[in-house]
Amino acid sequence: MDFSIKAFGQPQELASTKVGCIALGVFENQTLSQIASQLDQSGDIAAALKGGDISGTPGSSLILRKVRGIAAERVLLIGLGKMNALTEKGFSTAARALSAALNNIGAKDALIAFPLHAINGRDTAWGIRQIISIAFDQAYRADVMKSKRESVSKGVRKCLLALPAPEAADARIALAQGLAIAHGVELAKNLSNLPANVCTPTYLANTAKTMGRAHKLKVQVLDRKQIQGLKMGSFLSVAKGSEEPPKFIVLRHTGGNAKDAPIVLVGKGLTFDSGGISIKPGAGMDEMKYDMCGAASVLGTLLAVAELRLKLNVIGIIPSCENMPSGRANKPGDIVVSMSGQTIEILNTDAEGRLILCDALTYTERFKPAAVIDIATLTGACVTALGHHNSGLFSRHDQAHDQLAEELLSAGKATGDTAWRLPIEDAYQEQLKSNFADVANIGGPPGGSITAACFLERFTKQYTWAHLDIAGTAWRSGAAKGATGRPVPMLTEFLIRRATKQKTIARRR
Ligand code: BES
Ligand code: MN
Ligand code: ZN
């Protein structure tokens, strides 16, 4: 679907626009939205409401053909709930009904004239982004591996969002942001849903390279030899159990000044996590193809950042490998030397995410970053703690880190891609003591997602850092199994805000 903004002066301009369909909002109790009543010169729409043909509850819908005084072939009425009580939830339900209807009618183009300014607690920009996010979500099909692609919708191709002329400029910005996020989410979902025999570390590296060529990102892929040269003993120890060669992927978006400190995103890229010698139970093990969702979110976010040409330096780092049992695999009790020099006793080979991330976090020091955020499907314990609604957010508890955490939490709320903060405290570090090495890679069952974060914290002393545990939010299980593309919306929003803040500071100087 192709979206654009249609600026209008008088509502009459909308009535005379020749399109296959015009979508209008109506409320409960037979009430028309302001625009709908302005366009309803003939009274045909009011009559349909009076006749009880649409209830007006969120998501209810009705199609009228050839309404007098309206040039569009069809008028699609969508219920928005109670007047003056248009909630976020009600609007989203309506947007889903809108999108479903547009996908199933004969029209090729549509004009959407919704009261986007009237959503309680949200603004017009949010309304625009929500319509786009829902449209992309509904159109998404994970069918590249099916011999017959599911039939794509034959409905509306071209969507115009009607906005009063003075709001059009802001609306175009919101539209561009909504589309960039939707494209980033789509890329993350596509990569994540691929099976592990297709989406290997090499595949992720090639995807990064292709993306780099298309969007002017500098992309560097390090192979095993180069990773050895960097002395990433911890990362390599996980990779060595698999036949698939590991890749260390670096992508750079240089939208800021050369001297501006970059924001670095580090994504866990386990293209399959069998657990290794500490092998996982068979049931549901297929879902460990999703153990690269952190990496996918880094690629998705960089795509969005590049598309928006954000005036900001952003670096994506992806350590990628498989965790497999084999004669060469890590064994419980093995001790490895990380790039930082810290030695690690691997008490459980299934706690491998932190083993590859710690070296990537040490590598990140060289960029002297303004902030570092790692994104990882790190612990089942995080799913137990927070379920599937919030990602786990961890960072140290001082002023700089509190600010970074607040920015991420707020960007999450703005995009509906929320996180919940959990503690990082020295008391938990006790659980990671090893008799034989500097640190153990597991801290026992209590507070499993916190001890995992505390393990990573040991490798992030040189910069301001936050960790997102997305084990519960990156994909859905069961009948609707599939990747969500989270946390691309949160991360992109966070970066958009950083870029605009940087710009206003620059202007003030
Ligand atoms: N990738 C898993 C975490 C995971 C498990 C995410 C299930 C989503 C669903 C991670 O590598 C892992 O296996 N973690 C272990 C850690 C444990 C051995 C300390 C876990 O959570 O069980
Ligand atoms: Mn694991
Ligand atoms: Zn894992």
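**From threonine 124 to the whole chain**

Threonine 124, once its neighbours within four places in sequence are left aside, is in contact with Leu116, His117, Leu163 and Glu167. This is a predicted model, and the residue is a convenient place to start reading it. Threonine 124 belongs to helix 5, which covers residues 124-139. Is threonine 124 buried or exposed? Its relative accessible area is 15%, and because buried means under 20% relative accessible area, threonine 124 counts as buried.

The wider setting of this helix is given by the domain assignment, which divides the protein into domain 1, made up of residues 2-139 together with 155-164, and domain 2, made up of residues 181-508. How far apart do the two domains lie? Their C-alpha centres are separated by 40 Å, and the contact between them involves 6 residues of domain 1 and 10 residues of domain 2.

A second residue to look at is valine 439, which is found in strand 18, a strand that covers residues 439-440. Valine 439 is buried, and its relative accessible area is 0%. With neighbours within four places in sequence left aside, the residues in contact with valine 439 are Thr343, Ile344, Glu345, Leu432, Ser434, Phe455 and Arg458. The C-alpha atom of valine 439 also lies 7.6 Å from that of glutamine 342, although the two residues are 97 residues apart along the chain.

Contacts between residues distant in sequence can also be followed over the protein as a whole, where, among the contacts with a separation of 6 or more, 77% are between residues 24 or more positions apart. Buried residues, for their part, make up 57% of the 509 residues.

Taken as a whole, the protein has 16 helices and 21 strands. Its radius of gyration is 25 Å, close to the 23 Å that the globule rule gives for 509 residues, and the protein is therefore as compact as a globular protein of that length. Along the principal axes, the C-alpha trace spans about 85 × 55 × 40 Å.

The surface and the charges complete the picture. The accessible surface of the protein amounts to about 21200 Å², and carbon and sulfur atoms contribute 52% of this area. The protein carries 59 positive and 45 negative charges, and the mean position of the positive charges lies 6 Å from that of the negative ones.

Terms used:
Residues are numbered from 1 along each chain as its sequence is written. Chains are lettered from A and ligands numbered from 1 in the order in which they are written. This is a predicted model: local features need pLDDT of at least 70, side-chain atom pairs count only at pLDDT 80 or more; totals for chains, interfaces and linings use all residues. Side-chain values use heavy atoms; hydrogens and water are left out. Helices (H or I, at least four residues) and strands (E, at least two) are DSSP runs, numbered from the N terminus. The radius of gyration is taken over C-alpha atoms; the globule rule is 2.2 Å times the number of residues to the power 0.38. Buried means under 20% relative accessible area, exposed over 50%, partly exposed in between (1.4 Å probe, protein chains only). Contact means heavy atoms within 4.5 Å. Accessible areas come from the Shrake-Rupley method with a 1.4 Å probe; for residues, only the protein chains shown count as cover. Lys and Arg count as positive and Asp and Glu as negative; His and the chain ends are not counted. The place of a charge is taken as NZ of Lys, CZ of Arg, CG of Asp or CD of Glu. Domain bounds come from an automatic or database domain assignment.
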